Structure formats: C-alpha cells, structure tokens
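Work through the three exercises below with the structure in view. Each task is followed by its solution.

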Amino acid sequence: MENNWDETYDIVVVGAGTGLFAGIAAAGAGLKTLVVEKSEYLGGSTAMSGGGLWMPGNSVLREARTGDTRERAETYLDNLVGDTAPRERRVAYLEHSPAAVDLLRSATPLSFSHMREYSDYVSELEGGSAIGRSIEAKPFDMASLGDDEELVRASGVSAPVPMPITSVDYKWMNLMVRKPVKAFPKVFWRVAQGIGGKLLFKRNYVAGGQALAAGLIAGARRAGVEMRLQTPLRDLVMDGDRVSGVVVEQGGEEVRIEATKGVILAAGGFDHNMDMRQEYQSELLERWSLGNPANTGGVINIAERHGAALTLMDQSWWFPAIPPVKKGDVPSVMLAERSLPGSMIVDCTGHRFFNESSDYMNAGQIMLGLKDGEDAHLPVWMIFDQQYRNSYVFGGSVFPRMKLPKAWYEAGIAHKADTIGELAAKLDMPGLTDGAARFNSLAAQGKDDDFNRGRSAYDRYYGDPTVTPNPNLRPLTEGPFYAVQVVPGDLGTCGGVMADENARALREDGSAIDGLYAIGNSAGNAFGHFYPGAGATIGQGLTFGLVAVNHAAGQLSDSQGEPVAVGA
C-alpha cells in the first residue's frame, strides 16, 4: 500500500476549466479540495469558448417560460444520439443538469439569460426545440477578481475595441448593415460598456466563455478551493485496483498527493497533439484547433496506462475556420458567415457538397469524410460576391466593406476575380462555373433542393431576415467574387476516457476504476457523434463534475444499484 504522501486531500481535480466547478461542488460538500492546473492560466477551454450552456430543464429556462419538458429533451437526445453513446450517460445528464445550474447560480456571482431562438442544432427532430435550450452568462466585470484577473486565460478572439459581446449581440452585430435599427443600439451599448467601464469605472466587462470562467474562479475562491498553477499531472497512484492519489510536478519537484475520495480528470482533450490527432482522426489535419494550447492529451494517456478504456477518439467539436496565415496564429472561426445569403461552399470539383448552414460539428465531419464512410472533401473554399462583402462581418474582425486582409491573398487562402469564370481559373477549378450556376438557380427560387439549406430553425438563426423567402439563400450576382479557404478547425477533441453515468472511468471490460473520474473533454462525449445544441460541451463538464463529486461523496449509487463505499 502506498502511504508516503506529501499531502492529503479528499478530492483532487486535474484541470482548471470546468474542473473548477467540480472543485466548487466538492468544497460545498465539505470536502477538502485541490485543483491542479498544468498551465499558468485558469479557465481552460471554457475561457476560450462562446460560453453557452446546453443544460435542459434548468431554472433559467423555467423562468424564461420556454415550456420545455424533460421528456421532450430525452426524446430529442434519443433520436439524435442513438447508439453512438450509452443511453445511461445522457439520462444522467438530463437528471443532474438542473441541479448543476442551480449550484452555478448560487455558488458564483454570475447571472444567466436564455439564448432565445438559438435553436437546438437539429431542432427538426422530434423533441427538438426551435426556441432553444441554451443559456449564457451575462457580461461580468472581470476586474472584480482582483489579482486573479491576470490569471484568466485569454479568449483567443480579439475585438477592435473592448466590448462584451454575448451570443445574441453577435448575431445582430453581423447584421449591422442589413438591420441597423436593431443592431446599432446593441453594438453601441456593448462598446460603451466595454470602453466606458474601463475608462470611467476601472471595470473590465467580458462576456461568453471569459465571463463564465471568471465567475467559476470567483466561486472557487469563495468556496475555499485551493488552486495551483503550473502543476502538471505526472502519474496516478494505485492502491491495488483503486486510484488513491496523484503525482504532480511542482516547482521542478514531484509531489505525491493523496485523494481519499477520488481524482477527477478534467484536463481537456488532445487538441494540440498532432501525432494523436492524425493517428485517431485524420492524416489531413493540420494545426487548426481553436482549443486550449495546453490540451495535449497527456492526462488521457496516463489514464490509459492505468487501465482506462478510451472511446470516441475519432471525434472533435469540429468548427469550420479560416486557416491561420502563419505558424502560431489562431484560425478564425466561421459561424454566421456560412449561413448568410450570397455565399456557398465548394470542394475541388467546384460544386457544393453539404448544407453550409448546418451546425459546425456536422460541417467538420462532412468536410473530413467522417460520416457514413464518405471521402474527405478538402481543400474547401467559400465563394461569395461583393454584395455579401458589403453586408456582413467576416472572420470575426473584417467588417462590412472592409477589404480582406492582404496577408490572406499573399498566403493563398483568399482569391478575388471580376467573374466566376476568372475565379475558377485562379483556383484551377473548372467545375466552379457549373457549380455556381446550379447554386444560383436554387437560390433564386429560395429552395435548396440539393441540401435543404434554410429549412431548419438553426439555419435561419444566423441568416439574414431581410432576404426572402429564404434568409440563407441569394444568388451570387454582383462581382467581384471572392474565394476564402475553409478548414475543419475545432473547439477541442471530445474523445477520451470511457466513463459511466456516474462519471467513473471504465476499463475495457466495463468495470469501474475505483477512485477515478473523467469529465469534460477528458472523457468520451456523452452525446456520441453529435452536438445537441450550443454549450453541450461545457454543459457536460459542469454536470458530470457535480455527478462525480456526488458519487465520490457517497451520495449516488453505482450502476448496479449498490450503495457506494466511499473511500473503500
């Protein structure tokens, strides 16, 4: 038996993204809790995300009078996920998500609002919601963290001026030219809140994932959670078949820490480990991930070395993006861009191959040929006209009527021509002329016979409501015409340790590894090959963090229905 410990805690959480919430839950249950983080920052991929939470049945949704029911959400997930993940996992998710949101609201200084009309990603399925089940944190003053403000990981998205943009703000910011009466008051208010807050009140208002991460840090401090940065996990310590603690590196020295109730792995996936990504996912992948740079898969490998089974390693939260111009740069996300009319996406044949407005995980899977044995479609190009360029924000930072960055042309990821024929020649894509003609014919009718673009509520959310009859479709008519390369970026991988409905790490034979839990992107996606709605990734980290703590504290039963023997 290993007993030469340097320190002892009840719970040790590895990873300070959504793992902070597990720490809050554990401390709130009276457990002595430590969170160790590999990097020099707190917040993980959560801080870099949009910050949405897809957690059906929660109190924010009830207060917003969405009228949703647990039964409808369960039907939706059954129809969407099918047998790509164990049903017990999603049932547990629905059971515990409301309690996780309640704790989030009571244990942090954050306030939340319903992302109204941000629909489920496949809302046309039975049980799907067109009004949406996602919530998000309201803008939060990060300066209220004091010295901790400097420890929050940067979002990875830079704005021309400081402005706390929520998801709803983002939708209307993209339409500032087309719907100025609706958009400009929102944009003006956020600019005033950002700049005015800094200049007049020494406040630093942030939104999205930055707000959520900052609130989690504040909640962890309030709960008395100990947090250590630059403390990577080096190994798990086994006592027979049970994980009894961890070995971490701290200041160049190895420290052995006992975890009497359990170790919770919440260190993200293998976003930036290209050897693992090309082995498990696709040899076509390059450094296109938008995930936390510290996510290199080491924790997943350590768990596997101690008998944990891995699952869904071919899966990521794919997100189409504009590739970086130079090494070390971050890709530019393409969210609303793909849905707006006057644009289409083609492969090397010059023809469309999917519904451009579909959810980003589905889009990435199709681009890489990961659905139903299809071939990959790379390289991929987004084609749009001058009217599109004059009307919408592009790549998050190129505002309407602005020229595309010169560096894009120099890097060969953007091209411009007076006619579609000339653009086809520049791309060495003879089929583009026919592909554009086919698209224009469908767009003129407002009905996409090929891929149903504009049929779903999700498609239409990021469309242009001034374009009728289909807010996602308009022919490419006004030159010059542009082509910008699109790559399958991602928000992080979502394959990892196989876990059960209690978040326990499992062996290949299905038995649980006592004392070891895996949550967030360190675990296999509870929704298999699918992304149900905005914030399903962060929602898993929060919900299963609470589940893991409750199980470790002896408040849940194991999958066989026997009482949990805490610490046995």
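The model is predicted.

**Exercise 1. The second largest pocket**

Task: Find which helices supply at least two residues each of the lining of the second largest pocket, then describe that lining.

Solution:
- Two helices qualify: α11 (360-368) and α16 (457-461).
- The largest share comes from α11, with 4 residues.
- The whole lining counts 22 residues.
- Nearest the pocket centre lie V122, E124, S358, D359 and N362.
- Sort the lining by class: 10 nonpolar, 7 polar and 5 charged residues.
- The space enclosed is about 450 Å³.

**Exercise 2. Helices α1 and α5**

Task: Decide how α1 and α5 are oriented to each other: roughly parallel or roughly perpendicular?

Solution:
- Two packed helices are described by the angle between their axes and the distance between the axes.
- For α1 (residues 19-28) and α5 (residues 87-107), the angle is about 80 degrees and the axes are 11 Å apart.
- Angles of 65 to 115 degrees count as roughly perpendicular.
- Therefore α1 and α5 are roughly perpendicular to each other.
- Now list the contact: α1 brings F21, I24 and A25, while α5 brings A100, L103, L104 and A107.
- By class, this contact has 7 nonpolar residues, no polar and no charged ones.

**Exercise 3. The open sheet**

Task: Work out the strand order of the open sheet of 3 strands.

Solution:
- The order is β3-β5-β4, with antiparallel pairing.
- β3 (53-54) and β4 (112-114) are the edge strands, each pairing on one side only.
- Check β4 against β5 (residues 134-137): 3 bridges join these antiparallel strands.
- One bridge partner can be named: S113 is matched by E136 in β5.

Conventions: Residues numbered from 1 in each chain as written. Predicted model: local features only at pLDDT ≥ 70, side-chain atom pairs only at ≥ 80, totals over all residues. Heavy atoms only, no water. 1 Å grid on protein atoms, 1.4 Å probe; cavity = no way out; pocket = protein on both sides within 12 Å on 5 of 7 lines; lining within 4 Å. Points joined across faces, edges and corners; volume = space filled by probe spheres on them. Nonpolar A, V, L, I, M, F, W, Y, C, P; charged D, E, K, R; others polar. Pairing = 2+ DSSP bridges. Axes fitted to C-alpha atoms, helices over the stretch in contact; angles between N-to-C directions. Parallel < 35°, antiparallel > 145°, perpendicular 65-115°, else oblique. Contact = heavy atoms within 4.5 Å.
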